[in-house]
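Student: I would like a close look at a single part of this model, the ligand site. Please take it residue by residue and then show how it connects to the rest of the chain.

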Amino acid sequence: MTQVIYVLNGPNLNLLGLREPDIYGHDTLDDIAGRLEDRAQELGLEIDMRQSNHEGHLVDWLHEAQAEGARAVLLNAGAFTHTSVALHDAIKAIRIPVIEVHLSNPHRREEFRHKSYVGMAALGTIAGFGANSYLLALEAVAQL
Ligand code: DQA
């Protein structure tokens, strides 16, 4: 059976491509999903890509990833990265690896982005490579 990687995206990432392109680039979330799916196929993996502007959906999907036996989760929690104890706890509550992903490098940006509740619970973080951050995270997961 093909192993599934959940790729979970938080608030405002539905606007990728339009939103602050000088920071986040011109690729849309669908563009990124396509690239991930192509690479996943080569690796014998499957991608389940989702986006929500609602914190609780992300919590539910983390639980679901474990219940469905996903191999790993790539999580770009957007601004919830810097605020959400609930996401921190959800990552700790499940046993499958969660990789924190960001297009930008939050540490080069405003101070309020320097704290990551997600990063404090995740296995690792890939940030600052634009859309490629997702691809690099997939490579990391494939080698776990
Ligand atoms: C982001 C970085 C966050 O600080 C920001 O709130 C986002 C996008 C990124 O991918 O660079 O929404 O997660």
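Tutor: What follows starts at the ligand and works outward.

This is a predicted model, in which local features need pLDDT of at least 70 and side-chain atom pairs count only at pLDDT 80 or more, while totals for chains, interfaces and linings use all residues. Residues are numbered from 1 along each chain as its sequence is written, and side-chain values use heavy atoms, with hydrogens and water left out.

The residues around the ligand are Arg19, Tyr24, Asn76, Gly78, Ala79, His82, His102, Leu103, Ser104 and Arg113; to be listed, a residue must have a heavy atom within 4 Å of the molecule. Three of the polar approaches to ligand oxygen can be described here, a polar contact being a pair of N or O atoms within 3.5 Å; within protein, one must be able to donate a hydrogen and the other to accept it, and residues adjacent in sequence count only if both atoms are side-chain atoms. The side chain of serine 104 places an N or O atom 2.6 Å from a ligand oxygen. For arginine 19, a polar side-chain atom lies 2.9 Å from an oxygen atom of the ligand. Alanine 79 takes part through its backbone, with an N or O atom 3.2 Å from a ligand oxygen. Taken alone, the ligand exposes 320 Å², and the protein buries 99% of that; these accessible areas come from the Shrake-Rupley method with a 1.4 Å probe, and for residues only the protein chains shown count as cover.

Asparagine 76 is one of the residues around the ligand, and its place is in strand 3. Helices (H or I, at least four residues) and strands (E, at least two) are DSSP runs, numbered from the N terminus. Is asparagine 76 buried or exposed? Asparagine 76 counts as buried because its relative accessibility is 4%, where buried means under 20% relative accessible area, exposed over 50% and partly exposed in between, with a 1.4 Å probe and protein chains only. Leaving out residues up to four places away in sequence, asparagine 76 touches Leu8, Asn9, Gly10, Leu13, Val101, His102, Leu103 and Tyr134; contact means heavy atoms within 4.5 Å. With tyrosine 134, the side chain of asparagine 76 makes a polar contact of 3.1 Å.

Tyrosine 134 leads into the interior. Tyr134 is among the residues with the most contacts inside the largest nonpolar core, which has 23 residues, and Ile5, Leu36, Leu74 and Leu138 are also in that group. A nonpolar core is a set of buried Ala, Val, Leu, Ile, Met, Phe, Trp, Tyr and Cys residues joined through side-chain atoms within 4.5 Å. The elements giving two or more residues to this core are strand 1 (3-9), helix 2 (29-43), strand 2 (45-51), strand 3 (72-76), strand 4 (98-102) and helix 5 (132-142). Helix 5 supplies the largest share, five residues. Apart from this core lies another, of 20 residues, among them Leu8, Ala70, Phe80 and Ile94. Leu8 is also one of the residues that asparagine 76 touches.

Back at the ligand, arginine 113 is another of the surrounding residues. Arginine 113 forms a salt bridge with glutamate 110, the closest N and O atoms being 2.7 Å apart; the term requires a side-chain nitrogen of Lys or Arg within 4 Å of a carboxyl oxygen of Asp or Glu. Arginine 113 is buried, as its relative accessible area is 16%, whereas glutamate 110, at 35%, is partly exposed. A search of the whole structure finds seven salt bridges. One of them joins glutamate 64 to arginine 50 at 2.7 Å, N to O.

Next to arginine 19 in sequence comes glutamate 20, which lies in the loop between strand 1 and helix 1. Glutamate 20 has a positive phi of about 35 degrees although it is not a glycine. Most residues other than glycine have a negative phi. Glutamate 20 is partly exposed because its relative accessible area is 40%. The loop between strand 1 and helix 1 (21-24) also holds asparagine 12, another non-glycine residue with a positive phi, of about 75 degrees. At 36% relative accessibility, asparagine 12 counts as partly exposed.
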